[in-house]
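The following paragraphs walk through the model shown here. Burial is dealt with before the sheet and the cores.

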Amino acid sequence: MALTLYVDTARWRAHHKHVQEQFPGLVPVCKGNGYGFGHERLAEEATRLGSDVLAVGTTYEAARIKDFFGGDLLVLTPYRRGEEPVPLPDRVVRSVSSIDGVYGLVGARVVIEVMSSMKRHGISEQDLPQLHAAIENVRLEGFAIHLPLDRTDGSDAVEEVIGWMDRLRAARLPLHTMFVSHLKADELARLQQQFPQTRFRARIGTRLWLGDHEATEYRGAVLDVTRVAKGERFGYRQQRAASDGFLVVVAGGTSHGVGLEAPKALHGVMPRAKGVARAGLATVNRNLAPFVWGGKQRWFAEPPHMQVSILFVPSDAPEPQVGDELVAHLRHTTTQFDRILDR
């Protein structure tokens, strides 16, 4: 009995090909938990796509994935002096976001990140005059810019990239390759048309692996079902049942990421109101579970355990049976499955 990730493999891979066609020179991203699929699986899929480069989050991820992908590995986390050394092959390319970082990677293959409106990390315009000397002792694979997802000020992503292209060109720095993130296909095409001598390579993770929501589905198996009466005590904390119903033990707990939620940026009155309502319910131990039964998302009977969750299903709903599977609406990037099944 398991928390299972079902994949409509043909549909999933058709989506990959569609994204690849939209973004020539695509660099797949495999970081964190492998977007819910795991590093080995995404390395296999990147190889199937014919990718020559796979982007990973950290040097530790590069060390784990190097035996499953034969092409270059681009580490997205910038190098910092004093970081723990991790043995890596020469086909690993390091990102750098400071002049000091460039000087610290003598002989290495590097991609230099420029500071975007994200204001996360990157070389500044003021650093450019110092780059000429710095890059003499590294193998420069190109520059990179990581753009924000939302542009609430109405600014143009393409214009931001053009601004940096102009700065780099004015500084007489090599512009053979520019790695970009969070651009639309038409925006990438505009840039390629304006700068035909530069190869623009889109680094894409979420849109590539998770862009077709209907291609994947999590399901948790029902392990036990116990009938309870109103007022009857149950669980670790011996709470009372609010009404007659069933306690349903389903595969999927905190070790899988169930019940763990990353903060979300809320836009608009309605989403904010719903967030306040959820917080209010949580104060009286009413927390909505990600599992669906009888067409409705059900409530946790108590906080999820390490490997299972206990749900409360009221008596007016169909009684679940051991072996049934409940659809689970889970965030891929925070979920660990027990098994993955292609269908």
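A residue is called buried when its relative accessible area is under 20%. By that criterion strand S3 is covered on both faces: Val53 and Ala55 are buried on one side, and Leu54 and Val56 are buried on the other. The model is predicted, and burial here is a property of its computed coordinates. Of the 343 residues of the chain, 46% count as buried.

The chain as a whole contains nine helices and 18 strands. Its C-alpha trace spans about 75 × 45 × 40 Å along the principal axes. Among contacts with a separation of 6 or more, 67% are between residues 24 or more positions apart. An unreviewed UniProt entry lists residues 8-153 as "domain: Alanine racemase N-terminal". Over residues 8-153 the chain is 29% helix and 20% strand, and the C-alpha atoms at the two ends are 39 Å apart.

Strand S3 belongs to an open sheet of eight strands, in the order S2-S9-S8-S7-S6-S5-S4-S3, with parallel pairing. S3 (53-56) is an edge strand of this sheet, as is S2 (27-28), and each of these pairs on one side only. The partner of S3 is strand S4 (residues 72-75), with four bridges in the parallel sense. Within this pair, Val53 stands opposite Asp72 of S4. Helix H3 (residues 59-65) joins S3 and S4 in a right-handed β-α-β unit. At the other edge, S2 pairs with strand S9 (residues 199-204) in the parallel sense over two bridges. There Val27 has Arg203 of S9 as its bridge partner.

Further into the strand order is S7. Is this strand enclosed or open to the surroundings? Six of the eight residues of S7 (residues 139-146) are buried, so the strand is largely enclosed by the rest of the structure. On one side S7 pairs with strand S6 (residues 109-114), in the parallel sense and over six bridges. In this pairing, Arg109 has Arg139 of S7 as its bridge partner. The chain passes from S6 through helix H5 (residues 128-134) to S7, a β-α-β crossover that is right-handed.

S7 is also joined by four bridges to strand S8 (residues 177-181), and the two run parallel. Ile145 is bridged to Val180 in S8. The path from S7 to S8 goes through helix H6, and this β-α-β crossover is again right-handed. H6 lies across S6, S7, S8 and S9, and it runs at about 145° to S7.

The nonpolar residues can be taken next. The largest nonpolar core has 90 residues, of which Phe37, Ile112, Leu131, Phe143 and Phe200 touch the most other members. Helix H6 (residues 157-170) supplies the largest share of this core, with seven residues. Apart from this core lies another one of nine residues, including Val228, Ala241, Val249 and Val308.

Phe37 shows which parts of the sequence meet at one of these core residues. Leaving aside neighbours within four places in sequence, Phe37 is in contact with Leu5, Val7, Trp12 and Leu42, among others. Its contacts also include Trp209, Leu210 and Thr216, as well as His332, Phe337 and Ile340.

Methods:
Residues numbered from 1 in each chain as written. Predicted model: local features only at pLDDT ≥ 70, side-chain atom pairs only at ≥ 80, totals over all residues. Heavy atoms only, no water. UniProt positions renumbered as here; feature names shortened; annotations may be inferred. Core = buried A, V, L, I, M, F, W, Y, C linked by side-chain atoms within 4.5 Å. Buried < 20%, exposed > 50% of the residue type's maximum accessible area, 1.4 Å probe, protein only. Contact = heavy atoms within 4.5 Å. Pairing = 2+ DSSP bridges. Right-handed = clockwise from strand over helix to strand, strands pointing away. Axes fitted to C-alpha atoms, helices over the stretch in contact; angles between N-to-C directions.
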